[in-house]
Amino acid sequence: MINFIEYPKCSTCKKAKKYLDELGIDHHDRHIVEERLSKEELTALYQKSGLPLKRFFNTSGLKYKELQLKDKLPTMTEDEQLELLATDGMLVKRPIVETKDSVLVGFKANEYDNLK
């Protein structure tokens, strides 16, 4: 079973969940706003993913723009960025899919195909 971290109203999350269901992949769903990720959880996901930390930010979100993070992130340490991500689930890019060995951020069908 995989962990599926989502914001249920997000259209991309809905597409991703439907795709997982079509592939017959069991998943445990977690509402990212109601059950925020802790800094420790975010750190573990980030390290496991091998992705740049910026990929974990919802750069098209209102909160990201409101906080002017495009300009602020380059001057922040990784620790500060992880702290910030842990404060609000709406700052985090979604969905996040965590398997035993990997972490995917966002939805690309071809990446999900490899989850089987």
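In the predicted model, a salt bridge joins the side chains of E41 and R30, with an N to O distance of 2.8 Å. This pair connects distant parts of the chain, as E41 belongs to helix α2 (residues 39-49) and R30 to strand β2 (residues 27-31), 11 residues apart. The two partners differ in solvent accessibility class: E41 is partly exposed, at 31% relative accessibility, whereas R30 is buried, with a relative accessible area of 13%.

R30 also takes part in a salt bridge with E35, in which the closest N and O atoms lie 3.7 Å apart. E35 is partly exposed, its relative accessibility being 44%. The side chain of R30 is thus paired with E41 and with E35.

A further salt bridge is formed between E6 and K17, whose closest N and O atoms are separated by 2.9 Å. E6 is located in strand β1 (residues 2-6) and K17 in helix α1 (residues 11-23), so this contact ties together parts of the chain that are 11 residues apart in sequence. Here the acidic residue, E6, is buried, with a relative accessible area of 6%, while K17 is partly exposed, at 22%. Because the limit for a buried residue is under 20% relative accessible area, the value of 22% places K17 in the partly exposed class. E6 and K17 are, moreover, linked with D29 in a network of salt bridges.

Over the whole structure, the search identifies 9 salt bridges, among them the pairs E41 and R30, E35 and R30, and E6 and K17.

Technical notes: Residues numbered from 1 in each chain as written. Predicted model: local features only at pLDDT ≥ 70, side-chain atom pairs only at ≥ 80, totals over all residues. Heavy atoms only, no water. Salt bridge = Lys/Arg side-chain N within 4 Å of Asp/Glu carboxyl O. Helix = DSSP H or I, 4+ residues; strand = E, 2+ residues; numbered from the N terminus. Buried < 20%, exposed > 50% of the residue type's maximum accessible area, 1.4 Å probe, protein only.
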